[in-house]
Amino acid sequence: MNVFTIASFVLSLCLFIPQCVQILGGMTQNFATWLLWLAINVVATGTLIVQHGNYLPSAAISAGDVFVCLCILKSWDFYWTRIETFASVLVSMCILTWIILGPRAGTIMSTSAYLIAGLPQIISTYRWPWYTSIPMWLSWFAVSGLSVLGGKIWSIAERLYPSAVSLYCLALSLVATRNL
């Protein structure tokens, strides 16, 4: 661990604070969706820990997902759609990939699942960009970029997950700018 990874971890946790405040203030979020995001991120974290890789970014996002889930429990917003069904299939695929092919393949699958599960958010942002906080997604891009810088070497265990998250956040930011 180095200063970039630790800074990324702390700043990632801080970026969840506004989300939790908004949820506690009445913003609705789906518990099932966040629980499935948590599962994907926990698998990513587990595979990176086993490989002695750069696990702090996914650990921070997992911890933030837990906080969001706890905030959502207050309102108990829970519904199941095709998106949650698809995400649960992705979670199962991540776990099976890790068990059958090992942690390296599990990292690749869980990172891919993160991106695939994020496609509905990108589509939603494209359709309704005015509901998206560009500064928030740019902040996530910067924080994820710190995680990329924190990687020891260019490897799947060190830089795949934070690089994918960085690109995802940048894509969301760019899609949201169509409202400007």
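This briefing describes selected surface, charge and packing features of the structure. The model is predicted. One salt bridge is present in the structure, and a nonpolar patch of about 720 Å² of accessible area lies on the surface. Further points concern a buried glutamate without a salt bridge, a non-glycine residue with positive phi, and a serine in contact with residues from distant parts of the sequence, among them Pro57, 90 residues away.

**Nonpolar surface patch**

- The patch is formed by Val66, Phe67, Leu70, Leu73, Trp76, Phe78 and Trp80, which together contribute about 720 Å² of accessible area.
- One of its members, Val66, belongs to helix α3, which spans residues 56-75.
- Val66 is classed as partly exposed because its relative accessibility is 33%.

**Charged side chains**

- The structure holds one salt bridge; Lys152 and Glu158 are the partners, with an N to O distance of 3.7 Å between their side chains.
- Glu158 counts as buried because its relative accessibility is 5%.
- Lys152, in contrast, counts as exposed, because its relative accessibility is 58%.
- Glu84, located in helix α4 (residues 82-101), is buried but takes part in no salt bridge.
- The nearest side chain of opposite charge to Glu84 is that of Arg82, at 8.8 Å; this separation exceeds the 4 Å cut-off for a salt bridge.
- Leaving aside residues up to four places away in sequence, Glu84 is in contact with Asn30, Ala32, Thr33, Leu36 and Tyr79.

**Backbone at His52**

- His52 adopts a positive phi of about 55°, although the residue is not a glycine.
- This residue is placed in the loop between α2 (31-50) and α3.
- With a relative accessible area of 65%, His52 is exposed.

**Packing around Ser147**

- Ser147 is part of helix α7, which covers residues 134-150.
- Its relative accessibility is 1%, and Ser147 therefore counts as buried.
- Ser147 and Pro57 are separated by 90 residues in sequence, yet their C-alpha atoms are 6.4 Å apart in space.
- Pro57 is also among the contacts of Ser147, together with Ser8, Asn54 and Pro162, when residues up to four places away in sequence are not counted.

Key
Residues numbered from 1 in each chain as written. Predicted model: local features only at pLDDT ≥ 70, side-chain atom pairs only at ≥ 80, totals over all residues. Heavy atoms only, no water. Patch = residues over 30% accessible without salt bridge, like charges linked within 9 Å, V, L, I, M, F, W, Y side chains within 5 Å. Areas by Shrake-Rupley, 256 points an atom, 1.4 Å probe, with all protein chains shown as cover. Helix = DSSP H or I, 4+ residues; strand = E, 2+ residues; numbered from the N terminus. Buried < 20%, exposed > 50% of the residue type's maximum accessible area, 1.4 Å probe, protein only. Lys, Arg positive; Asp, Glu negative; His and termini not counted. Contact = heavy atoms within 4.5 Å.
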